[in-house]
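This report goes through selected features of a predicted model. It covers a terminal segment, helix packing, ring interactions and a loop.

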Amino acid sequence: DMVGDSPCEYCLGIKLEKVRGELLENTLSISELAFKYGFCDGTYLIKLFRRRHGVTPGQYRSLVTRSR
(Lines give C-alpha, C1' and ligand atoms only; values in the text may rest on other atoms or scores of the structure.)
Protein backbone atom coordinates (compact mmCIF):
# COMPACT_ATOMS: atom_id res chain seq x y z
CA ASP A 1 0.00 0.00 0.00
CA MET A 2 1.55 3.26 -1.12
CA VAL A 3 -1.18 5.62 0.11
CA GLY A 4 0.30 8.24 2.40
CA ASP A 5 3.81 7.88 0.97
CA SER A 6 5.76 10.92 -0.12
CA PRO A 7 5.94 11.40 -3.90
CA CYS A 8 9.49 10.05 -3.84
CA GLU A 9 8.46 6.93 -1.88
CA TYR A 10 5.49 6.45 -4.21
CA CYS A 11 7.75 6.52 -7.30
CA LEU A 12 10.21 4.20 -5.59
CA GLY A 13 7.38 1.78 -4.83
CA ILE A 14 6.32 1.75 -8.46
CA LYS A 15 9.89 1.04 -9.61
CA LEU A 16 10.24 -1.76 -7.05
CA GLU A 17 6.99 -3.32 -8.25
CA LYS A 18 8.29 -3.24 -11.82
CA VAL A 19 11.51 -4.90 -10.66
CA ARG A 20 9.47 -7.53 -8.83
CA GLY A 21 7.56 -8.33 -12.03
CA GLU A 22 10.76 -8.49 -14.06
CA LEU A 23 12.27 -10.97 -11.59
CA LEU A 24 9.55 -13.42 -12.62
CA GLU A 25 9.54 -12.74 -16.35
CA ASN A 26 13.21 -12.76 -17.31
CA THR A 27 16.70 -13.67 -16.22
CA LEU A 28 18.24 -10.19 -16.04
CA SER A 29 20.75 -9.88 -13.22
CA ILE A 30 20.09 -7.66 -10.23
CA SER A 31 22.72 -5.22 -11.55
CA GLU A 32 21.00 -5.11 -14.94
CA LEU A 33 17.64 -4.46 -13.31
CA ALA A 34 19.18 -1.75 -11.12
CA PHE A 35 20.55 -0.01 -14.21
CA LYS A 36 17.30 -0.43 -16.15
CA TYR A 37 15.22 1.19 -13.40
CA GLY A 38 17.66 3.94 -12.43
CA PHE A 39 19.11 2.67 -9.16
CA CYS A 40 22.75 3.58 -8.52
CA ASP A 41 23.81 -0.07 -8.25
CA GLY A 42 22.60 -3.58 -7.49
CA THR A 43 23.48 -3.34 -3.80
CA TYR A 44 21.21 -0.34 -3.32
CA LEU A 45 18.38 -2.05 -5.19
CA ILE A 46 18.77 -5.13 -2.96
CA LYS A 47 18.61 -2.96 0.18
CA LEU A 48 15.44 -1.16 -0.94
CA PHE A 49 13.77 -4.32 -2.22
CA ARG A 50 14.44 -6.13 1.06
CA ARG A 51 13.07 -3.19 3.05
CA ARG A 52 9.81 -3.21 1.08
CA HIS A 53 9.31 -6.96 0.48
CA GLY A 54 11.20 -8.62 3.35
CA VAL A 55 13.48 -10.67 1.08
CA THR A 56 16.23 -9.89 -1.41
CA PRO A 57 15.40 -9.89 -5.13
CA GLY A 58 17.35 -13.13 -5.55
CA GLN A 59 15.47 -14.80 -2.70
CA TYR A 60 12.18 -13.58 -4.15
CA ARG A 61 13.02 -14.96 -7.60
CA SER A 62 14.00 -18.33 -6.08
CA LEU A 63 10.91 -18.58 -3.89
CA VAL A 64 8.48 -17.78 -6.66
CA THR A 65 10.09 -19.87 -9.38
CA ARG A 66 10.38 -22.83 -7.00
CA SER A 67 6.65 -22.65 -6.19
CA ARG A 68 5.61 -22.76 -9.89
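## Segment before H1

Gly-4 is located in the segment that precedes H1. This residue is exposed, and its relative accessible area is 77%. Between Gly-4 and Ser-62 there are 31 Å from C-alpha to C-alpha, for a sequence separation of 58 residues.

## Packing of H1 against H3 and H4

Two packed helices are described by the angle between their axes and by the distance between those axes. Both values are available here for two helix pairs that involve H1.

For H1 and H3, the axes come within 11 Å and the crossing angle is roughly 95°. An angle of 65 to 115 degrees counts as roughly perpendicular, so H1 and H3 are roughly perpendicular to each other. On the H1 side, the residues that meet H3 are Glu-9, Leu-12, Gly-13, Leu-16, Glu-17, Val-19, Arg-20 and Leu-23. Their partners in H3 are Leu-45, Leu-48, Phe-49, Arg-52 and His-53.

Helix H1, which spans residues 7-25, also packs with H4, at an angle of about 50° and with the axes 9 Å apart. H1 and H4 are therefore oblique to each other. The crossing of H1 past H4 is right-handed. H1 contributes Arg-20, Glu-22, Leu-23 and Leu-24 to this contact, and H4 contributes Pro-57, Tyr-60, Arg-61 and Val-64. Arg-20 and Leu-23 of H1 are thus listed in the contact with H4 and also among the residues that meet H3.

## The aromatic pair

How many aromatic pairs does a search of the whole structure find? The search finds one. The pair consists of Phe-49 and Tyr-60, with 5.8 Å from centre to centre and 65° between the planes. Planes over 60 degrees apart count as edge-to-face, and the pair of Phe-49 and Tyr-60 is accordingly edge-to-face.

Which parts of the chain does the pair tie together? Phe-49 belongs to helix H3 (residues 42-53) and Tyr-60 to helix H4 (residues 57-66), so the pair links parts that are eleven residues apart in sequence. Phe-49 is buried, with a relative accessible area of 0%. Tyr-60 is buried as well, with a relative accessible area of 14%. Each ring residue also takes part in packing with H1: Phe-49 is among the H3 residues that H1 meets, and Tyr-60 is among the H4 residues in contact with H1.

## A lysine over a ring

A further ring interaction involves Lys-15 and Phe-39. Lys-15 lies over the face of Phe-39, at a distance of 4.6 Å from the ring centre.

## Arg-50 and the loop between H3 and H4

Arg-50 is a residue of helix H3. Is Arg-50 buried, partly exposed or exposed? Arg-50 is partly exposed, with a relative accessible area of 45%. Its C-alpha atom is separated by 9.4 Å from that of Tyr-60, ten residues away along the chain. With neighbours within four places in sequence left aside, Arg-50 is in contact with Val-55 and Thr-56.

Thr-56 is found in the loop between H3 and H4. Thr-56 is buried, with a relative accessible area of 14%. Leaving out neighbours within four places in sequence, Thr-56 is in contact with Ile-46, Phe-49 and Arg-50. The loop residue Thr-56 therefore touches Phe-49, which is the buried member of the aromatic pair with a relative accessible area of 0%.

Note on methods:
Residues are numbered from 1 along each chain as its sequence is written. This is a predicted model: local features need pLDDT of at least 70, side-chain atom pairs count only at pLDDT 80 or more; totals for chains, interfaces and linings use all residues. Side-chain values use heavy atoms; hydrogens and water are left out. Rings of Phe, Tyr and Trp (its six-membered ring) pair if their centres lie within 6.5 Å; planes under 30 degrees apart count as stacked, over 60 as edge-to-face and the rest as tilted. Helices (H or I, at least four residues) and strands (E, at least two) are DSSP runs, numbered from the N terminus. Buried means under 20% relative accessible area, exposed over 50%, partly exposed in between (1.4 Å probe, protein chains only). A charge sits over a ring if NZ of Lys or CZ of Arg is within 6 Å of the ring centre and within 35 degrees of the ring normal. Contact means heavy atoms within 4.5 Å. Axes are lines fitted to C-alpha atoms, for helices over the stretch in contact, and angles run from 0 to 180 degrees between N-to-C directions. Angles under 35 degrees count as roughly parallel, over 145 as roughly antiparallel, 65 to 115 as roughly perpendicular and the rest as oblique. A crossing is left-handed if the near helix is turned anticlockwise from the far one by less than a right angle, and right-handed if clockwise.
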